[in-house]
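User: I'm new to this one, so please go slowly. Pick out the packing between helices and walk me through it up close.

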Amino acid sequence: MVRSSVTINRALPGKIAAALVAAIIFGTLVAVTLRAEAGRGLGPAEWSAIRFTVFQAVLSAAFSVLLAIPVARALARRRFYGRRLLISLLGAPFILPVIVAVMGLLAVFGRSGILNETLRFVGLPEVSIYGLHGVVLAHVFFNLPLATRLVLQGWQDIPSERFRLAAQLGFGPRDVFRTLEAPMLARTLPGAAAIIFAICLSSFAVALTLGGGPRATTVELAIYQAFRFDFDLGRAALLSCVQITLVGAAALAALKLSNRDGFGAGLDRPVQRWDAQAPLLRALDATTITLAALFLILPIALVILRGAPTLTDLPTSVWSAAFASLLIALASTGLMLILALPIAIAAGTDRARLEAIGLLGIAASPLVIGTGLFIVINPIANPFALALPVTATVNAIMALPFALRIMVPAVRDTHANYDRLSTSLNLTGLSWLRLVLIPRLRPNLGFACGLTAAMSMGDLGVIALFADPQTATLPLQMYRLMGAYRMELASGAAVLLLALSFGIFWIFDKGGRAHADA
């Protein structure tokens, strides 16, 4: 009886937090649905945006996954100094601010980038990064590491005993690929492609900076244009409904395709890959790894080299925007904790429905939620005066699914291992939270907080809808400097944003791991 009472008390805050998240997400969806004009259909411009959105997402997912196959294969069958560091760096683009990555890609592929300078030097025609190919290139830059990690995990999931048996049977590289690797790829690639496709449907910052124009406008960019330039809330709401449908369908497809049976468990004993020792294959793998590392590292290195000398020349507006971004990041992190911790505690007692509500942010578009909040706030207050609080709230909702995925497994382990002891010692409420859960959850909390803060620091989404000329976060101020062709100052702001994003992630993550129980 005592145990049941404790469980109920622990679940109640989670139910309240989940209800609040559901109210924000579904409330904004209802607002945009009601605001969309019933008799207004989609015009040629809207259909063009839909076609472009789907087409660029298909291309981005296809290129990301296809290029990830040789990279993951090379990493799976080679052992070299720095391999672990390189695999760890594959997770860096996840917290890398989009606007900084765009600056890096411009430094390589832009009009004054090293590629076009080389082409001009040899007398060849220049290339343009803007339009469809620029959007796809940026998406590949962000999603190639994710695809590589997913495909590499598929290789690592093949039991080593199967490779040993293949060696005993005298299999060559083609036989190994046909019997072991091809079935794994058939199982892994559809889910990876669906996940990346869903991500690329909601990439406002990439489309804003590298897209544009009638033939390179995504649905989210069309929402922004209808909102900011025309103030046509009916059209923005109608496009928001389209975006909800696209992202929701893609998220469901990704979820379904990701749940596929694997090869079964092995004994996790390492195996020496005998099938890839030919000099040609070794050179091919080395070249693949080198090119992939160069593609991911060179743009950011150029941003740092070009921007670092201008840090001392940054205007006051950039430092003010940086301070605003820090405030939003900290507010988003605090709000995320207020929502995620109760939901994770409740989900730790097998309340899967509460966790599912927290994961709704994956299928929601921040621009759609922002549009809905504007529609809700507009009759009662000035939405532009609430730009920073609204941005912090939406950022917290967007980070909530990732935080729950980090926290829930650890909470469930704590419930399984310490609930009986806690009940016998009558540890309930805040005492249980302080003495039992938090010490064992600190590394997960630190990582979740760092991830939320870094993602919020680099966000260029809702703030673009709500900000007035006097209000800006650091990513938005960077975008304004780029629009004014003040690229040197934009590079300096990019270095500052990069340092703040990775710095705040490191501080939270390191703080969570310090003195944490093993």
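Analyst: Let's start with the axes: each is a line fitted to C-alpha atoms, for helices over the stretch in contact, and angles run from 0 to 180 degrees between N-to-C directions. Helices here are DSSP runs (H or I, at least four residues), numbered from the N terminus. You're looking at a predicted model, where local features need pLDDT of at least 70, side-chain atom pairs count only at pLDDT 80 or more, and totals for chains, interfaces and linings use all residues. Residues are numbered from 1 along each chain as its sequence is written, and side-chain values use heavy atoms, with hydrogens and water left out.

Now find helix 4 (residues 98–109) and helix 20 (residues 487–513): they pack with axes 9 Å apart, at an angle of about 135°. That makes helix 4 oblique to helix 20 (under 35 degrees is roughly parallel, over 145 roughly antiparallel, 65 to 115 roughly perpendicular, and the rest oblique). Their crossing is left-handed, a label used if the near helix is turned anticlockwise from the far one by less than a right angle, with right-handed for clockwise. On the helix 4 side, Ile-99, Val-100, Met-103 and Leu-106 do the touching, and their partners in helix 20 include Met-487, Ala-494 and Leu-498. Contact here means heavy atoms within 4.5 Å. By class, this contact has 9 nonpolar residues, 1 polar and no charged ones (Ala, Val, Leu, Ile, Met, Phe, Trp, Tyr, Cys and Pro count as nonpolar, Asp, Glu, Lys and Arg as charged, and the others, Gly among them, as polar).

Next, swing over to helix 2 (residues 44–77) and helix 8, whose axes come within 9 Å and cross at roughly 145°. This crossing is right-handed. Among the helix 2 residues that meet helix 8 are Val-54, Ala-61 and Arg-73, and on the helix 8 side you'll find Phe-177, Glu-181 and Leu-189, among others. The tally is 16 nonpolar, 4 polar and 2 charged residues.

Helix 8 (173–201) also helps cover the buried residues of helix 7. In helix 7 (residues 160–168), Ser-160, Phe-163 and Ala-166 are buried (under 20% relative accessible area, with exposed over 50% and partly exposed in between, using a 1.4 Å probe on protein chains only). Seen down the axis of helix 7, the buried residues fall within an arc of 115°, so they line one face; the arc is that of the directions from the helix axis to the C-beta atoms. After helix 7 comes Gly-170, with a positive phi near 75°.
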